[in-house]
Amino acid sequence: MSPELDQLFAGIEWHQRWEVEPGVFTPGQNDVARLLKAVNLPERLDGMRVLDVGAWNGCFSFECERRGAAEVLALGPEPAETSGFAHLKSYLHSHADYRLGSVYDLDPETIGRFDFVLCFGVLYHLRYPLLGIDNLRRVCRRDLFLETSCMDNDLILNGRARSVASFSPELDEVPLLQFLRLDELSGDPSNWFNPNRAGVREMLLSAGFEPRHMTVGDRRLYVHAMAVSGEPEFLTIRSGENVYYDVIARPLLGDRGQWKSQVGSE
Ligand SMILES: C[S@@+](CC[C@H](N)C(=O)[O-])C[C@H]1O[C@@H](n2cnc3c(N)ncnc32)[C@H](O)[C@@H]1O
């Protein structure tokens, strides 16, 4: 490896493994090519506006740019200067931008709307998962690609994975999110919920996304979903958020008019 790349990789916590240049990979575990294949991200993104939520090292953002995206915005709570993003951006002479922020403050008024929204490895870290998904819908005008930890067919009980079938085989189809008060999942206290596939499917439908592809493998769930035009389902039923929108939903999600904009348009 060139001294320049050695320097680039030094002092950064690398989570992602991505081919920076032929045969040279960032030294993380999360394989970018494998994950993007699993969620069915197209090989070419020409002309697309892409948002990468929870970007961390930024390798998914840079891969989107490599695939021809017209504009890429990476967003997350880590400063770009210490996460590896700024180092890679400068090495690659990339035009991708980084915004310090959270999924909870995605606002179409300030960042606009995106053709493709990526949200990998974030959902189970959210203490407010539906608020996160509702915000993804606010800024997504087309496709959502999402990857998450998933309970698969297991619940965590007394620190051990136990098959849901041992409680009841029907639980597999019940939408579930197991709440994790401390560090029950992988010893990591930043994990709040572990969903099953049905749980993610139902939350997406409620939030105005139609899942097109969902696969589970090795306790991870890979999703491709499309934004549905008009107000999301949770605002079309007699929910408190619908009936008392201005009191309940507006402080969290902004003006009601935003939901009327059609998918595929600004
Ligand atoms: C497991 S890492 C996944 C990083 C990257 N997306 C990937 O798949 O390699 C989880 C990321 O989600 C970020 N994150 C946690 N809470 C977040 C929030 N509220 N909004 C945006 N990102 C968040 C973390 O800071 C971290 O960068």
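This is a short working chat about salt bridges, one buried arginine and a surface patch in a predicted model.

Me: What kind of model is this, and what pLDDT do local features need?
Reply: It is a predicted model in which local features need pLDDT of at least 70 and side-chain atom pairs count only at pLDDT 80 or more, while totals for chains, interfaces and linings use all residues. Residues are numbered from 1 along each chain as its sequence is written, and side-chain values use heavy atoms, with hydrogens and water left out.

Me: How many salt bridges are there?
Reply: The count comes to 16, where a salt bridge is a side-chain nitrogen of Lys or Arg within 4 Å of a carboxyl oxygen of Asp or Glu.

Me: Which residue does R17 pair with?
Reply: R17 forms a salt bridge with D31, with 3.7 Å between the closest N and O atoms. R17 is in strand β1 (residues 16-17) and D31 in strand β4 (residues 30-31), so the pair ties together parts that are 14 residues apart in sequence. Strands (E, at least two residues) and helices (H or I, at least four) are DSSP runs, numbered from the N terminus.

Me: Are those two buried or exposed?
Reply: Partly exposed: R17 has a relative accessible area of 33%, and D31 is at 23%. Buried means under 20%, exposed over 50%, and partly exposed in between, with a 1.4 Å probe and protein chains only.

Me: What about R201, which residues does it bridge to?
Reply: R201 meets E173 in a salt bridge at 3.4 Å, N to O. That pair links distant parts of the chain, with R201 in helix α8 (residues 197-206) and E173 in the loop between β11 (160-163) and β12 (177-179), 28 residues apart. R201 also forms a salt bridge with E202, at 3.2 Å between the closest N and O atoms.

Me: How accessible is E173?
Reply: E173 is exposed at 51%, whereas R201 is partly exposed at 24% and E202 is partly exposed at 35%.

Me: New topic. Where is R141, and what does its side chain contact?
Reply: R141 lies in strand β9 (residues 140-149) and is buried, with a relative accessible area of 9%. Its side chain makes a polar contact of 3.0 Å with that of D115. A polar contact is a pair of N or O atoms within 3.5 Å; within protein, one must be able to donate a hydrogen and the other to accept it, and residues adjacent in sequence count only if both atoms are side-chain atoms.
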